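Let's take a walk through this fold together. Keep the structure open beside the text and follow along.

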Amino acid sequence: MSGWLYLIKNGDLYKIGITKNIGKRMQQLKPDKIIAKVYSRDFRELEREFHKRYKNIRIPQTEYF
């Protein structure tokens, strides 16, 4: 199953997340800036890897950094 991995910026915060419907998700989040978006079959694994890579600056219990 495929989906989107995205990196957005709102104010001073960055969010790494995933979605099946990128247009709907961006309407919900209303980001200041879309930094990157990647369509992939491995979108869930990619999100886990990015969260793991940046865990030292992650806001606990969120997808914000």
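A word first on what you're looking at: this is a predicted model. A handy place to begin is helix α2 and what its buried residues pack against, namely β1 (3–10), β2 (13–19) and β3 (33–40).

So which residues of α2, spanning 43–53, are buried? They are F43, E47 and H51. These three cover an arc of only 75° around the axis, which puts them on the same side of α2. That fits the usual geometry: an α-helix has 3.6 residues a turn, so residues three or four places apart point the same way. Swing round to the other side of α2 and you'll find K52 and R53 exposed. E49 also belongs to helix α2, and at a relative accessible area of 39% E49 counts as partly exposed. If you'd like a sense of distance, compare E49 with K9: they sit 40 residues apart in sequence, and their C-alpha atoms are 19 Å apart in space.

Now for the strands themselves. Three of them make an open sheet, ordered β2-β1-β3, with antiparallel pairing. β2 and β3 stand at the edges with a single partner strand each, so one side of each has no neighbour in the sheet. On average, neighbouring strands here are turned by 15° against each other, if you ignore direction. As a reminder, strands of a sheet pair through backbone hydrogen bonds, either parallel or antiparallel.

Look at β1 and its two partners. Seven bridges join β1 to β3, and seven bridges join β1 to β2. I8 is a nice residue to click on: it stands opposite I34 in β3, and opposite K15 in β2. β1 and β2 form a hairpin with two residues between the strands, and in that hairpin G11 takes a positive phi near 60°.

How do the helices sit on all this? Helix α1, residues 22–29, packs on the sheet and touches β1, β2 and β3, with its direction making about 20° with that of β1. Helix α2 lies across β1, β2 and β3 as well, running at about 155° to β2.

Next, the pockets. What is the volume of the largest pocket? It comes to about 190 Å³. Rolling a probe the size of a water molecule over the atoms shows where empty space is left. Lining the largest pocket are L5, Y6, L7, Y14, I16, A36, K37, V38, F50, Y54, I57 and F65. The elements that give two or more residues to this lining are β1, β2 and β3.

Before you close the viewer, check two backbone spots. K30, in the loop between α1 and β3, has a positive phi of about 50° although it is not a glycine. K30 is exposed, with a relative accessible area of 62%. Q61, which lies in the segment after α2, also has a positive phi, of about 65°, and is not a glycine either. Is Q61 buried or exposed? Q61 is exposed, at a relative accessible area of 82%.

Key:
Residues are numbered from 1 along each chain as its sequence is written. This is a predicted model: local features need pLDDT of at least 70, side-chain atom pairs count only at pLDDT 80 or more; totals for chains, interfaces and linings use all residues. Side-chain values use heavy atoms; hydrogens and water are left out. Buried means under 20% relative accessible area, exposed over 50%, partly exposed in between (1.4 Å probe, protein chains only). Helices (H or I, at least four residues) and strands (E, at least two) are DSSP runs, numbered from the N terminus. The arc is that of the directions from the helix axis to the C-beta atoms. Contact means heavy atoms within 4.5 Å. Two strands pair if DSSP finds at least two bridges between them. Axes are lines fitted to C-alpha atoms, for helices over the stretch in contact, and angles run from 0 to 180 degrees between N-to-C directions. On a 1 Å grid over the protein atoms alone, a cavity is a set of points where a 1.4 Å probe fits but cannot get out, and a pocket is an open set with protein on both sides within 12 Å along at least five of seven lines; lining residues have an atom within 4 Å of a point. Grid points are joined across faces, edges and corners, and a volume is the space filled by probe spheres set on the points.
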